[in-house]
Every structure is written in C-alpha cells, then in structure tokens.
Amino acid sequence: MTEPLPVHLRTGEQGAAALPTVYEQVGGMAAFDTLARRFYEAVQQDEVMWPMYDPDDLEGAIWRLSRFLGQYWGGPTTYSAQRGHPRLRMRHAPFPIDRDARERWLRHMTAAVDSMQWPPMVRAQMLDYFDRAATAMINQPG
Ligand code: HEM
C-alpha cells in the first residue's frame, strides 16, 4: 500500500483535479468581497482616482471587482454571466489611466491584499498578477 502523495507533490490528472484553487484557498467569494471593499475604502480617499468613479454606484463597483477577481482565481463565473466577457482594457478606456493612476491603484490593492493575511504563495501570486494587470490598463502617457 502506498500512501497518497501530499497535494503539492501529486502529478497528472488526479493531482491536478485535487489542487485547490486560489479561490478555495482564500475561503471563497466572501474573501474577495472583503478585499474589494477594503480597496474601495482607500480609493474613496484618493484625490486622483475617486473622481473617475460614480459615487452613487460604489456598491456596484465593489460587486463587479469582487466577482471579476473571484472568477479569475477559480470561483463561479457570475461576473461573465452578468457582465459578459471582461475586456478590461476596453472597459477602462473611458478613464484617464497614466503611470500615476496605475501606481495609486496598485498601492491601494497591495494594502488591501496585505490586510487579508493570506498564505505567502497566494499573496505573491495575487501581487504579481495585479502588477501586470495594472500596467496593461495604462492608456495615457505620463
Ligand atoms: C490601473 C489603474 C486602474 C484604474 C484607475 C481603474 C479604474 C476603474 C474605474 C474608474 C472603473 C469603473 C467602476 C465600475 O463601474 O466598476 C473600473 C472598473 C473595473 N476595474 Fe479598474 N482600474 C484600474 C485597474 C484595474 C485592474 C488592474 C483590474 C483588474 C485586475 C481592474 C478591474 C476592474 C473591474 C473588474 C471593473 C468593472 C468592469 C465592469 O464590469 O464594468 N481595474 N476601474
């Protein structure tokens, strides 16, 4: 009788199926709701970012960000069911996103991620993704 391998050493079909998603590791959609809420608390204090948002639809913005991230990291596809294909660069085209706005977004998101006290590997994966995604959203020189 061989012992089953620990999750991180399994390979092949069975192992892949058994690997928990980031969505599962952080505890599901409630964690992404908290993350998005903390992120938007900081955005509301940001004099460059907050004017880009509709102040009457803060709850909607929290919902969209949370569901998008939950979906991206392996959770249910509620975002796409409600909003269609993410097409994030296109959806951000109306907002003037320069390097400064990108740094601000990333700073607030990094603080929100750090507040969650997730496992170091999860934190690293998230911050790596946010770093690249925020750069991809730049649509203005400067
Ligand atoms: C780089 C600086 C960024 C700025 C200044 C910015 C700003 C905004 C603004 C003003 C909105 C509209 C609020 C709403 O109606 O939901 C928005 C929406 C959104 N943003 Fe960003 N954003 C940035 C980067 C990112 C990044 C890196 C991601 C993902 C990793 C992201 C994900 C989203 C999502 C999912 C929505 C909702 C899209 C929709 O369904 O309409 N944003 N963003």
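This is a short tour of the structure above, one selection at a time.

**Before you click**

You are looking at a predicted model, in which local features need pLDDT of at least 70 and side-chain atom pairs count only at pLDDT 80 or more, while totals for chains, interfaces and linings use all residues. Residues are numbered from 1 along each chain as its sequence is written, and side-chain values use heavy atoms, with hydrogens and water left out.

**Stop 1: the whole chain**

Switch to cartoon view. The chain has 8 helices and 0 strands, so expect the pattern α-α-α-α-α-α-α-α along the sequence, where helices (H or I, at least four residues) and strands (E, at least two) are DSSP runs, numbered from the N terminus. Of the 142 residues, 36% count as buried. Here buried means under 20% relative accessible area, exposed means over 50%, and partly exposed is in between (1.4 Å probe, protein chains only).

**Stop 2: the ligand**

Now select the ligand and show what is around it. Its shell has 20 residues, and the closest are Arg 64, Tyr 79, Arg 83, His 92 and Trp 105. A residue is near a molecule if one of its heavy atoms lies within 4 Å of it.

Where does the shell come from? Color helix H4 (58–72), helix H5 (78–83), helix H6 (88–91), helix H7 (99–115) and helix H8 (120–136): each supplies at least two residues of the shell around the ligand. By type, the shell divides into 15 nonpolar, 1 polar and 4 charged residues. In this sorting, Ala, Val, Leu, Ile, Met, Phe, Trp, Tyr, Cys and Pro count as nonpolar, Asp, Glu, Lys and Arg as charged, and the others, Gly among them, as polar.

Zoom in on three side chains:

- Arg 83: an N or O atom of its side chain is 2.6 Å from an oxygen atom of the ligand.
- His 92: a polar side-chain atom lies 2.8 Å from a nitrogen atom of the ligand.
- Trp 105: a polar side-chain atom lies 3.4 Å from a nitrogen atom of the ligand.

**Stop 3: the core**

Hide the ligand and select Phe 32, Leu 35, Phe 39, Leu 69, Met 109, Trp 118 and Phe 130. They have the most contacts inside the largest nonpolar core, which has 34 residues. Such a core is a set of buried Ala, Val, Leu, Ile, Met, Phe, Trp, Tyr and Cys residues joined through side-chain atoms within 4.5 Å. Helix H2 (22–26), helix H3 (29–43), H4, H7 and H8 each give it two or more residues. H3 gives the most, with 8 residues. In soluble globular proteins, nonpolar side chains tend to be buried together.

**Stop 4: along helix H7**

Pick His 108, which is found in helix H7. Buried or exposed? His 108 is buried, because its relative accessible area is 11%. Its side chain makes a polar contact with the side chain of Asp 46 (2.6 Å). A polar contact is a pair of N or O atoms within 3.5 Å; within protein, one must be able to donate a hydrogen and the other to accept it, and residues adjacent in sequence count only if both atoms are side-chain atoms.

Arg 102 lies in H7 too, and at 6% relative accessibility it counts as buried. Add Ile 138: Arg 102 and Ile 138 are 36 residues apart in sequence, but 6.8 Å apart in space, C-alpha to C-alpha.

**Stop 5: pairs from distant parts of the sequence**

Select Thr 34, in helix H3. Thr 34 is partly exposed at 29%, and its C-alpha is 8.7 Å from that of Ala 112, 78 residues away along the chain.

Next comes Trp 63 in helix H4, partly exposed as well, with a relative accessible area of 29%. Trp 63 and Asp 33 are 30 residues apart in sequence and 7.2 Å apart in space, C-alpha to C-alpha.

**Stop 6: two backbone oddities**

Most residues other than glycine have a negative phi. Go to Arg 87, in the loop between H5 and H6: its phi is near 35°, a positive value. Arg 87 is partly exposed at 49%.

Then find Gln 117, in the loop between H7 and H8. Gln 117 has a positive phi of about 50° although it is not a glycine, and at 73% relative accessibility it counts as exposed. Finish by adding Val 26 from helix H2: Val 26 and Gln 117 are 91 residues apart in sequence and 9.5 Å apart in space, C-alpha to C-alpha.
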